[in-house]
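Here are my notes on the model, set out as numbered points. They go through the helix packing, then the nonpolar cores, and then some individual residues.

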Amino acid sequence: DLAREQLDSAYLLIKSSISNLRSGDTLVRELNFASKEEEYHYEIDRNDTHLMLLKLLIAKKIKSKPKAFREKINKRIESSKIIRAEAEAYASNGDYDEAVKSLELSTKQLVRAIRMGGVFIPG
C-alpha cells in the first residue's frame, strides 16, 4: 500500500511537470497503419494491455466492494471477452474491418470496467 501511494505521488508530480513543460498544449498522436490487418494486431495488443491493467490495478481494489458491484465489473469483462472472440472470428475470415471495430468495442468495455474499479484512464 505504501509503494502504491509513492507511485501515485510520483505519477502526479510527473504529470504536472509535463503539463507545465507543454505550457498547456495538447499533444495528439496520429496512428497510421499500412493495412487493416496491421491495425488489427495493434488493437489486439491494446486489448491485452487493458486486460493486464485490470488485473494489476483493479483486482485488489474490488475485493472489498459489494458483490453486486463486483458482478457489474465482471459483466463488462465477460462482455469484452465475447466481443474479442467475435473479433478473432472476423480476423480468421479475413474481415479485418469488422475485427478492428469489434476489438475497439471490447477494449471500451475493459476501460469502463477499469474506471468502475476506481482508476481513471483516458480513452
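**Notes on helix packing and cores**

1. The crossing of α2 and α4 is left-handed, a term that applies when the near helix is turned anticlockwise from the far one by less than a right angle, clockwise being right-handed. By class, this contact of α2 with α4 has 14 nonpolar, four polar and seven charged residues, where Ala, Val, Leu, Ile, Met, Phe, Trp, Tyr, Cys and Pro count as nonpolar, Asp, Glu, Lys and Arg as charged, and the others, Gly among them, as polar. The model is a predicted one, in which local features need pLDDT of at least 70 and side-chain atom pairs count only at pLDDT 80 or more, while totals for chains, interfaces and linings use all residues. Residues are numbered from 1 along each chain as its sequence is written, and side-chain values use heavy atoms, with hydrogens and water left out.

2. Helix α2 covers residues 36-62 and helix α4 residues 96-116, and the two pack at an angle of about 15 degrees with their axes 9 Å apart. Helices (H or I, at least four residues) and strands (E, at least two) are DSSP runs numbered from the N terminus, and axes are lines fitted to C-alpha atoms, for helices over the stretch in contact, with angles running from 0 to 180 degrees between N-to-C directions. The helices α2 and α4 are therefore roughly parallel to each other (under 35 degrees; over 145 is roughly antiparallel, 65 to 115 roughly perpendicular and the rest oblique).

3. For α2 and α3, the packing angle is about 165 degrees and the axes are 12 Å apart, so α2 and α3 are roughly antiparallel to each other. This crossing, of α2 and α3, is left-handed. The contact (heavy atoms within 4.5 Å) includes Tyr-40, Asn-47, Leu-51 and Leu-54 of α2, and Ile-77, Ser-80, Arg-84 and Ala-87 are among the residues of α3 that take part. By class, the contact of α2 with α3 has nine nonpolar, two polar and four charged residues.

4. The largest nonpolar core (buried Ala, Val, Leu, Ile, Met, Phe, Trp, Tyr and Cys residues joined through side-chain atoms within 4.5 Å) has 13 residues, of which Leu-54, Ile-58, Ile-114 and Val-119 touch the most other members. Two or more residues of this core come from each of α2, α3 (67-92) and α4, and α2 provides the largest share, five residues. A second, separate core of seven residues includes Tyr-40, Ala-87, Val-100 and Leu-103.

5. Within α2, Leu-54 is buried, with a relative accessible area of 7% (buried means under 20%, exposed over 50% and partly exposed in between, with a 1.4 Å probe and protein chains only). Not counting residues up to four places away in sequence, Leu-54 touches Ala-59, Ile-77, Leu-110, Ala-113 and Ile-114. With sequence neighbours within four places again left aside, Val-119 is in contact with Leu-57, Ile-58, Lys-61 and Ile-114.

6. Which residues does Arg-84 touch, not counting residues up to four places away in sequence? They are Ile-44, Asn-47, Asp-48, Leu-51, Leu-103 and Ser-106; Arg-84 lies in helix α3 and is buried, with a relative accessible area of 15%. Ser-80, also found in helix α3, counts as buried at 1% relative accessibility, and beyond four places in sequence Ser-80 touches Asn-47, Ser-106, Gln-109 and Leu-110.
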